[in-house]
Amino acid sequence: MKKKKITLWVLILYLLLFMITLLYNFPIFWMISTGFKSSTEIYRYPPSLLPDNFSFDNFKQAWIATPWWRYLINTIIVATIVPILRIILSAFAGYALTFKFKGSKIIFFAMLGTMMIPEETTLIAKYIIIKNLGWINTYYALIVPMIASAFSIFLFRQFYLTLPQELQDAAAIDGCTNFRYMISIGIPLSKSVSITIGLLAFIDEWNSTLWPLIVINNDKLRLVQIALKAFSDDRGTTWNQLMAACCFVTIPVLILFIILQKQFIESVASTGIKA
Amino acid sequence: MNRRRLKEQKRFIFAAIAPSGILLLVFSYFSLGYCIYVSLLKWNMLSSAKYIGMKNYAQLFVNPSFWNSLRVTLVYSLVSVPSCIILGLFVGLILKYAKVWRSFFRVMFFIPVIISMVVASLIWKWIFNPTQGILNYVLVHIGIFGGQELNHWLKWYNDPNGGALAALLVVGIWKRIGYNGVIFLAGLLNIEQQYYEAAEIEGASSFKQFWHITFPLLSPTTFFVLTMEIISALKVSVSPLVLTNGGPVESTNSLVLYIYKEAFENFRMGYASALAVIVFIFILIITVLQMQTTEKKVFYK
């Protein structure tokens with residue numbers, strides 16, 4: 001009796017879950033579906049869920065209309081350099097902060113304090129600094145302000161605190177300097193922390209919009225999100241091409257996410273970082 | 001030997017901390033200080049700056065656009081924060097009970113989280129399209145929109161009295177439910193099963209179990225999500241920029257979008273900085289409240 005009740009309940013639960021999941025991802029489906037539709041089909045009433053025939057015309061036209069390859073390369077450059085530099089700098093800083101020295105606590109808390117200053121409120125000041133450095137319309141503007149992250153330093157420090165002291169002592173007896181220790185033992189051991197930070201930084205940079213909009217006004221240096229916004233401002237009514245362009249911009253992250261989904265979701269769930 | 005090692009260590013610590021330290025110093029504390037300084041200036045970046053004291057703040061408090069954007073942001077927060085929490089908790093709960101294929105569903109709920117706000121806004125803009133969008137088609141089809149005022153209803157998305165803001169809210173909430181669901185799921189799975197077993201023996205109903213076990217023990221997670229939601233709602237900017245460009249008639253001109261426009265479209269650097277300082281103070285208050293409450297521990301352990 002009880003068992004039967006449970007099975008029915010589970011069935012309803014899964015039915016509900018399937019329906020919610022489908023509904024929740026409908027916009028993603030709609031983006032892809034619209035990307036394949038012809039110009040007459042998108043204005044058809046009632047709208048069709050799936051395109052009549054899957055033609056790549058919109059993708060081709062949207063691809064020709066804007067030098068996407070250049071923007072994709074720009075974005076890949078920024079979205080890989082920032083995570084790599086962030087991992088290296090944060091690992092060293094995090095490790096150094098495991099030592100007790102005069103002022104170590106103050107430095108640590110001062111670094112954590114930066115998390116209370118949201119990026120949005122310092123946009124103007126950062127813009128003026130970058131402008132005075134002559135970095136407007138350069139990769140520096142997109143990369144340098146993004147490298148340091150208090151949260152990454154914090155994660156690395158917590159990780160290095162869990163390593164046994166003997167490991168360091170043994171390295172020291174062998175005459176290994178701290179720098180060598182980090183290069184050959186410290187950083188390789190922190191693979192999971194590095195992947196977490198790297199992935200989140202990659203997605204953050206890939207999706208960044210407001211900052212590149214401010215510091216880049218040279219067409220050649222655009223990042224994909226800005227290029228997409230410009231594309232939509234240009235041809236806001238050709239929805240099929242616009243949705244095809246949305247696909248270009250989304251697919252690289254989507255693939256990366258699906259490959260590394262487990263690592264990714266777990267790191268978000270365990271650290272609770274904004275995504 | 002030991003002395004040499006100590007010296008090496010000192011130098012290492014300095015060299016390891018300096019790069020991150022300097023960058024954080026410049027782009028956080030110095031930037032904040034600089035922002036406060038600029039907020040005391042009248043400056044359009046072209047001519048030289050002029051010190052005007054608190055005049056930007058005085059101007060701000062009598063400018064209806066400021067009060068409007070404050071109102072827009074508050075209304076947005078008041079709707080989006082509870083919606084994101086309740087719907088996220090709902091997703092977390094169903095994921096908790098769906099043991100089979102859980103990771104598949106988790107991935108599906110996470111896809112909208114990782115796509116960019118620009119893409120999300122553009123997709124929804126297409127869905128919301130007054131004449132060709134699928135949403136209006138569905139609303140007419142199931143009979144929610146209809147009758148003589150049909151043409152009026154179809155334009156809800158361009159309505160400054162809430163319609164445009166509702167569109168923003170849909171995008172914002174949609175993008176955050178999955179994230180909250182995953183966080184809530186992690187929190188729910190952290191609750192030890194034995195509490196439920198004990199309650200089962202005592203014969204407590206599911207609702208009672210939720211109210212007396214799940215809800216209190218989940219409170220640290222809920223509180224974390226609450227803070228994140230408030231801060232994220234206060235910072236809403238890219239979705240109004242792409243979806244409505246702050247319009248119609250400033251009805252979606254959120255605080256951060258207002259900062260952006262004043263600074264980088266009207267080049268009123270001082271005034272925009274004063275706005276940024278105000279937003280910073282709001283967010284600071286919430287962060288401090290969070291830290292205090294977290295220290296006191298929200299849960300009864």
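How do H5(A) and H9(A) lie to each other: oblique or roughly parallel? Keep that in mind while you set up the view. What you have open is a predicted model.

**Stop 1: H5(A) against H9(A)**

Select residues 68-96 of chain A, which form helix H5. Add residues 150-162 of chain A, helix H9. Their axes come within 8 Å and cross at roughly 50°. Angles of 35 to 65 degrees fall outside the parallel and perpendicular classes, and H5(A) and H9(A) are therefore oblique to each other. The crossing is right-handed.

Now show side chains. On H5(A), pick Arg86(A), Ser90(A), Ala91(A), Ala93(A), Gly94(A) and Tyr95(A). They meet Ser152(A), Ile153(A), Phe156(A), Arg157(A) and Tyr160(A) on H9(A). Colour this contact by class and you get 6 nonpolar, 3 polar and 2 charged residues.

**Stop 2: H5(A) against H12(A)**

Keep H5(A) on screen. Hide H9(A) and select residues 191-207 of chain A, helix H12. H5(A) and H12(A) pack at an angle of about 145°, and their axes are 8 Å apart. This crossing is right-handed.

From H5(A), show Thr75(A), Val78(A), Ala79(A), Val82(A), Pro83(A), Arg86(A), Ile87(A) and Ser90(A). From H12(A), show Ser194(A), Ile197(A), Gly198(A), Ala201(A), Phe202(A), Glu205(A) and Trp206(A). The class count here is 9 nonpolar, 4 polar and 2 charged.

Look again at Arg86(A) and Ser90(A). Both belong to the contact with H12(A), and both also meet H9(A).

**Stop 3: across to chain B**

Bring in chain B. Select residues 239-259 of chain A, helix H15, and residues 117-128 of chain B, helix H5. The two axes are 10 Å apart, at an angle of about 155°. That makes H15(A) roughly antiparallel to H5(B). Turn the view to see the left-handed crossing of the pair.

The H15(A) side offers Trp239(A), Leu242(A), Met243(A), Cys246(A), Val249(A) and Thr250(A). H5(B) answers with Val119(B), Leu122(B), Ile123(B) and Trp126(B). By class, this contact holds 9 nonpolar residues, 1 polar residue and no charged residues.

**Stop 4: the whole contact between the chains**

Zoom out. How many residues does each chain give to the contact? Chain B gives 71 and chain A gives 73. On chain B, go to residues 2-38, helix H1. This helix gives the most to the side of chain B that touches chain A, with 21 residues. That side of chain B divides into 56 nonpolar, 11 polar and 4 charged residues.

**Stop 5: chain B alone**

Hide chain A. Chain B has 14 helices and 2 strands. Its radius of gyration is 25 Å, well over the 19 Å that the globule rule gives for 301 residues, so chain B is more spread out than a compact globule. Along the principal axes, the C-alpha atoms of chain B fill a box of roughly 85 × 70 × 30 Å.

Colour the domains to finish. Domain 1 of chain B covers 1-38 and domain 2 covers 55-296, according to the domain assignment. Their centres, taken over C-alpha atoms, are 37 Å apart. The contact between them takes 4 residues from domain 1 of chain B and 6 residues from domain 2 of chain B. On the domain 1 side, the count is 4 nonpolar, no polar and no charged residues.

Technical notes. Residues numbered from 1 in each chain as written. Chains lettered and ligands numbered in written order. Predicted model: local features only at pLDDT ≥ 70, side-chain atom pairs only at ≥ 80, totals over all residues. Contact = placed C-beta atoms within 7 Å. Helix = DSSP H or I, 4+ residues; strand = E, 2+ residues; numbered from the N terminus. Nonpolar A, V, L, I, M, F, W, Y, C, P; charged D, E, K, R; others polar. Domains from an automatic or database assignment. Axes fitted to C-alpha atoms, helices over the stretch in contact; angles between N-to-C directions. Parallel < 35°, antiparallel > 145°, perpendicular 65-115°, else oblique. Left-handed = near helix turned anticlockwise from the far one by under 90°. Rg over C-alpha atoms; globule rule 2.2 N^0.38 Å.
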